[in-house]
Each structure stands twice: as structure tokens, then as C-alpha cells.
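I am opening the notebook on this structure. The entries below record what I looked up.

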Amino acid sequence: MNLHEYQAKEIFRQYQIPLLRGKVARSPEEAEQIARNLAGDRFVVKAQIHAGGRGKAGGVLIVEGAAKVREAAARLLGKRLKTHQTGPDGQPIDLVLVETAIPITREFYAAVALDRLNEKPCLIFSEAGGVEIEEVAQKTPEAVLKQTFPARTGLPPSQAKRISNLPSLNAEQKEVLASIFISMARLFLEKDASLVEINPLAILEMGEWMAIDAKVRLDDNGLEKHPELAKLNDPHQEDPRETEAKKFGLSYVGLEGNIGCMVNGAGLAMATMDLIKLAGGEPANFLDVGGGASKEKVTAAFKIILADPKVQAILVNIFGGIMRCDWIAQGLLNATQQLEVKVPIVVRLQGTNVEEGRRLLADAKRLSLISVDELADAARKVVELAATA
């Protein structure tokens, strides 16, 4: 689950990570009043969306005076911001964060994420922070330092001090930087996060450190332990189909293609999408109904796929272990009884009760349904049907 920047910064404050003064606004008038209550004459107005790249996309505005803050907020609020991390429609701006703008002398990058290869949390740090950090990581990976640490004990102070021991920093700056690293690691572990990121982590003109931006992504599997964090979810930032899928315990991610996919098992779903791509098609979604989904879940999944106007054909790929093929077949029938289905459906069923599942689908003459035994053949067939739809 992603958090807004202002929400991430509220958590940062709990861990004594240094932050600029600021407050979130829901209207231009509120933004102006916040600016008047803050010290200084120069302010930054930042669109609050669940995506990076806001600065390059015009979602971060630096202005002089409270009246200009109001104008900047009016330019952003109620609009949609498209960045390289959003879809083509962008994401809605319902909130802006207003902060004092203070001159920066140096920008760094710091993050804590999971190193899946080593199965440990990892501190990531670079002296080349800011908006170009992705290009830096790609072109000069040696400029990005990585240090794994034990999940049970957190980041050892010795490791934090070693990474912060930069020749260009004075003793106090090194000490503060090490403490920021340790706080980020604590936050990551205690809040069950999958990412804690500061970009840029800056040194201001007076020499003090400041987290200019903040990003926190929480592990959905840990939210039951943190009900106070689960309440921070902003469904308006999500694809409505993904929100609907969560109600039924389905794993759904909307994509930009025209071939709907319904599969049981994340690995099989990824393989199915790969085969569609290899066959020259584009998946419209990732959808894992799970290993033990009920007929009701299957019905809900099928409705979500059909709600996407881009879908020109559907591939149902089920390997029945815990999941029974006749449940899948009945779920398809239930959904099509309630919806007007105008797209062809390619079904590949294998496993438990497969013959009964095929019989149910064969008796449904009203469906434009094609049964295929081999997955590669099913992928080629659905791509062909989508291209001619």
C-alpha cells in the first residue's frame, strides 16, 4: 500500500527524521492560509499523488508569497497529473502539501528496501540524489552503495557510521546522517514497509540535513498488525478495478493491453502473460484468483475483467489443484448470466474435475468460447481473436 508524501512525513516525525515545516491543503484558500502561518516568503506546493516524477511533470511548484501559493494550489487541485510512473490518464490531485522552501546546497539519495536475492533488508545510499537518481543508477551503478542488514536486529550503528563517513562531511553531519540511516531502518522493520525512501535527502545552506521528500510503501500482508496505517489508504489513487478486486481477496493489476487474463496462481499468471507477449499480444491485466477461490470469487473476477472497455478477448488459464475446474466453469457461467459478453473467451482447464468443467462450458451454447488444452496454443489463439475483434 502506497502512502502520500505528507502521510510518510508524519511517520518520519515519529522517528525524528528532520523535515521542513508544512501542512496539507484541500483547497487554494487553505493552502494560502497555511503559507501565511509558515515562516518565510518562499514556498513549495507539491501535488499529492501515489507516483514519483512529480517535479518533472509540473506537480511541484516553487513560488514567492502566500498569494502565489493560492494560485499554485488552484493550478493543481482537481487536475490529473501524468508522470512516468502513472498510467496515461495520470492520477487525481485532491491534496497539495505546502512547505517552506529553503535553499539546498547538496542532494543525496537514501532508501531502505528488501534485497530479495540476499533475503535481507538493504540500505541504499548515493551522493547523487535528486530527480536524476534513476539515470545515475542505470549509467553509473557504482555510485549507489548498498548494505544489507539483519531483519531481527536492524541496521548496526557501525554500518551506518561507515556509510556516512564521507570526506566532504564534517563530524556532526556524519553523525546525523548515520542516525537518519538507523531511523529509516527502524521504520522499515517496525511498520512492515516494503520501501522507505528519501529523495532528495539534502544539506541546507546552514549545514543541517533535511528530508525534502518522503516515500513509504507498506507491505499489504502486514497491515493487519497496523490498523492505524491501513486507515491511511487512499482508494481514489487506485484503479477502481483494483479496489473492487480487494473486496473479494483477488490480486488484480490493470495494464494497458486488450487481452483479459484470469489465472490461478501468481507464477502461472506471470507465465501466461509472458506467453501472450511472445505471441504478439498485450495483456490487459494481471489477475490471480488464488488457489482456493470460490465460485463467487470467480464470478467477481470475470466481472472485473469485463468492466475494462479495452478487453477484446479473454484467456482463462486454470490448473486445478485445490481449485476445482468445475468451480471455474460455474463462475464463468454465473458472470455471463449477469453480463452481456461480446468478446471471445479462450479457456484452458487442467486438473481437478476438469471433465465436469468442460462439460458445463460445452453446454453453454450462448458463449463464444474456445477450449484449448495447451497453454502456448491458448495464448496464440487469444491473440489471434483479439486482433480480429
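I count two residues as touching when they have heavy atoms within 4.5 Å of each other. The model is predicted, and I read every entry with that in mind.

Entry on F248. I started with the position of F248 and found it in the loop between α8 (240–247) and β13 (251–254). Leaving out residues up to four places away in sequence, I list K297 and A300 as its contacts. I also looked up V298, which is 50 residues from F248 in sequence, with 9.4 Å between the two C-alpha atoms. Is F248 buried, exposed or partly exposed? Its relative accessible area is 32%, so I put F248 down as partly exposed.

Entry on salt bridges. How many salt bridges does the model hold? I get a count of 23. I looked at three pairs, beginning with E5.

The side chain of E5 meets that of K9 in a salt bridge, 2.9 Å from N to O. I place both E5 and K9 in helix α1 (residues 5–14), 4 residues apart, which is about one turn of the helix. For K9 I read a relative accessible area of 2%, which makes K9 buried. E5 is buried as well, at 4%.

E5 also forms a salt bridge with R54, and here the closest N and O atoms are 3.0 Å apart. What does this pair tie together? E5 lies in helix α1 and R54 in the loop between β2 (42–47) and β3 (60–64), so the salt bridge ties together parts that are 49 residues apart in sequence. I note that both E5 and R54 are buried.

I then followed the links outward from E5. E5, K9, K46, R54, E99 and D213 are linked in a network of salt bridges.

The third pair I looked up is E190 with R186, whose side chains meet in a salt bridge at 3.4 Å, N to O. Helix α6 holds both E190 and R186, 4 residues apart, about one turn of the helix. Buried or partly exposed? I have E190 as partly exposed, with a relative accessible area of 41%, and R186 as partly exposed, at 37%.

Entry on β6. E99 of the network led me to strand β6 (residues 96–100), where 5 of 5 residues are buried. V96, V98 and T100 point one way from β6, while L97 and E99 point the other way. In a regular strand, side chains alternate between the two faces of the sheet.

Which strands pair with β6? Strand β1 (residues 22–25) pairs with β6 in the antiparallel sense over 4 bridges, and A25 stands opposite V96 there. β2 pairs with β6 in the antiparallel sense too, over 5 bridges. I noted F43, whose bridge partner in β6 is T100.

Entry on the second largest pocket. I read its volume as about 230 Å³. Which residues line the second largest pocket? The lining is A113, L114, R116, F188, L189, D192, A193, S194 and D219. By class, I sort the lining into 5 nonpolar, 1 polar and 3 charged residues. β7 (104–115), α6 (171–190) and β10 (193–204) each give at least two residues to the lining. Helix α6 is also the one that holds the E190 and R186 pair.

Definitions and conventions:
Residues are numbered from 1 along each chain as its sequence is written. This is a predicted model: local features need pLDDT of at least 70, side-chain atom pairs count only at pLDDT 80 or more; totals for chains, interfaces and linings use all residues. Side-chain values use heavy atoms; hydrogens and water are left out. On a 1 Å grid over the protein atoms alone, a cavity is a set of points where a 1.4 Å probe fits but cannot get out, and a pocket is an open set with protein on both sides within 12 Å along at least five of seven lines; lining residues have an atom within 4 Å of a point. Grid points are joined across faces, edges and corners, and a volume is the space filled by probe spheres set on the points. Ala, Val, Leu, Ile, Met, Phe, Trp, Tyr, Cys and Pro count as nonpolar, Asp, Glu, Lys and Arg as charged, and the others, Gly among them, as polar. Buried means under 20% relative accessible area, exposed over 50%, partly exposed in between (1.4 Å probe, protein chains only). A salt bridge is a side-chain nitrogen of Lys or Arg within 4 Å of a carboxyl oxygen of Asp or Glu. Two strands pair if DSSP finds at least two bridges between them.
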